[in-house]
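Subject: Structure for your records

Hello,

Here is the structure I said I would pass on. My notes follow below it.

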Amino acid sequence: MKTICLYFEIHHIIHLRRYRFFDIGTDHYYYDDYENENSITDIAERSYMPALNTLLEMIKDNGNYFKVAFSLSGVGMEQLEVHAPQVIEKLQELNETGCVEFLAEPYSHGLSSLVNEECFAAEVKRQCAKIKEYFGQSPKVLRNSSLIYSDDIGLQVAQMGFKGMLTEGAKHVLGWKSPHYVYSCALAPNLKLLLRDIRLSDDISLRFNNSSWSGYPLFADNYIDEIASFPEQEKVINIFMELSALGIAQPLSSNILEFIKALPACAKKKDITFSTPTEICDKFKPVDRLNVPDTLSWVDEERDVSTWLGNPMQREAFNKLYSVADRVRIANDARINQDWDYLQASNNFRFMTTKPSHVGVDRGIYSSPFDAFTNYMNILGDFITRVNNLYPTEIDNDELESLLTTIKNQGDELAMKDKEIVRLLAKIEKIENANKKESKAKTTAKKPAVKKTSVAKKPVQKSGKKAEEAKEDKK
């Protein structure tokens, strides 16, 4: 029986403000708050809320039959917390149905997996903690930023304890193979790989409203019929896209939500089920190992990382940013950490791309890739200065880490001693109170008992008029 794995990504771009060279060293705030609030409230109204309401309705109408998966970047959740908390609440309502799985991904939606293993692992751990906080789930499957994957990344993900990972079903990797099977990592066979069906996913997310497309208009029954026509042994159909495809890339006026809503009924008729990524990992065995020595992603025709690192400007910015990665991690300063998350986001590097693309790049405030590069490098110059000023630059990373570890250990030791002092003081007070009670009891026992003697009662003499009256009565 075939099964569909439907997955949506939720991430929001953090818009940087226009930052001049003369701002370096004087202004440490890098963000366009107005644009950030305006863009996320707009996307929540036009896409997230209508789409999530539709998915919730589909779950209620179909019981446990319909299932869906999401991943949310940490920085995306931060923006939703501030500007669109109703989206978080709706996701929590979806979570309560038991038909939704939340996946792990890097907190910043950045590219740390390409350059710094410790940074990547720390980001994933923080994002998992946030998912646990909001939805009570501990992610078992990881989705890297833009489905970035390689054998080395897969090995690290397996070592982090995940049972599965999502990536792209790229033709240059698969060759004659089909994306409709479960594969395993070449360097870690216990890590299962779920490959995105590029054509089926893009039919919805990119082409649905394109009237010049040969498949237009696309109907749910035809879409499911095509899935049912795949060879019997091809049982796993992975349809992955951004949630914003429903409402932004494909406007609501295109009836995109009506199409999505009709999928379960059409799938039931063909005995096709819906599964979450973890369910697929538990149910299906890998048919083969997938060799991916070079990094792939779900972006552009090349399906590689050239959209972020394809030109010298991008590589210079990337290398300069991650040159302080270890120092940021070691210093662990709250404000520095937040700026670090926002500056890592992959869109900062994509704004600098000079590649032609069939998917347009919205550069926001930037007029060109060079403009984006200049603005980012100004901000990065100020940020790196702040990082280096946090501790003397003469101290190398190893020495700094050793120093901070010593300080932390001493702090922990002092805290333990403080607790021990409090415990001993309480014990002393208890002993003193016991001694006081014992001393009081001994003092009471040594006092002689007071003997009671009987005293004859003297007749009460009555005086005055009452005494004379008494005498007359006796006569």
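A contact here means heavy atoms within 4.5 Å. By that criterion, of the contacts in the protein with a separation of 6 or more, 78% are between residues 24 or more positions apart. Please keep in mind that this is a predicted model.

Overall content: the protein has 18 helices and 12 strands. It has 475 residues, of which 50% count as buried. About 24500 Å² is exposed, and carbon and sulfur atoms supply 52% of that area.

I then looked at helix α8, which spans residues 220-228 and has A220, Y223, I224 and I227 as its buried residues. Seen down the axis of α8, these buried residues fall within an arc of 90 degrees, so they line one face of the helix. The general background is that an α-helix has 3.6 residues a turn, so residues three or four places apart point the same way. The buried residues of α8 pack against two helices, α7 (198-205) and α9 (256-269), and two strands, β1 (3-10) and β8 (236-242).

Next, cavities. Searching the whole structure gives one cavity of 30 Å³ or more. The largest cavity holds about 40 Å³ of space. Its lining consists of I4, L6, Y223, I224, I239, L263 and F274. The elements that contribute two or more residues to this lining are β1 and α8. By class, the lining has seven nonpolar residues, with no polar and no charged ones. Y223 and I224 are thus on both lists: they are buried residues of α8 and they line the largest cavity.

Regards

Key
Residues numbered from 1 in each chain as written. Predicted model: local features only at pLDDT ≥ 70, side-chain atom pairs only at ≥ 80, totals over all residues. Heavy atoms only, no water. Buried < 20%, exposed > 50% of the residue type's maximum accessible area, 1.4 Å probe, protein only. Helix = DSSP H or I, 4+ residues; strand = E, 2+ residues; numbered from the N terminus. Arc of directions from axis to C-beta. 1 Å grid on protein atoms, 1.4 Å probe; cavity = no way out; pocket = protein on both sides within 12 Å on 5 of 7 lines; lining within 4 Å. Points joined across faces, edges and corners; volume = space filled by probe spheres on them. Nonpolar A, V, L, I, M, F, W, Y, C, P; charged D, E, K, R; others polar. Areas by Shrake-Rupley, 256 points an atom, 1.4 Å probe, with all protein chains shown as cover.
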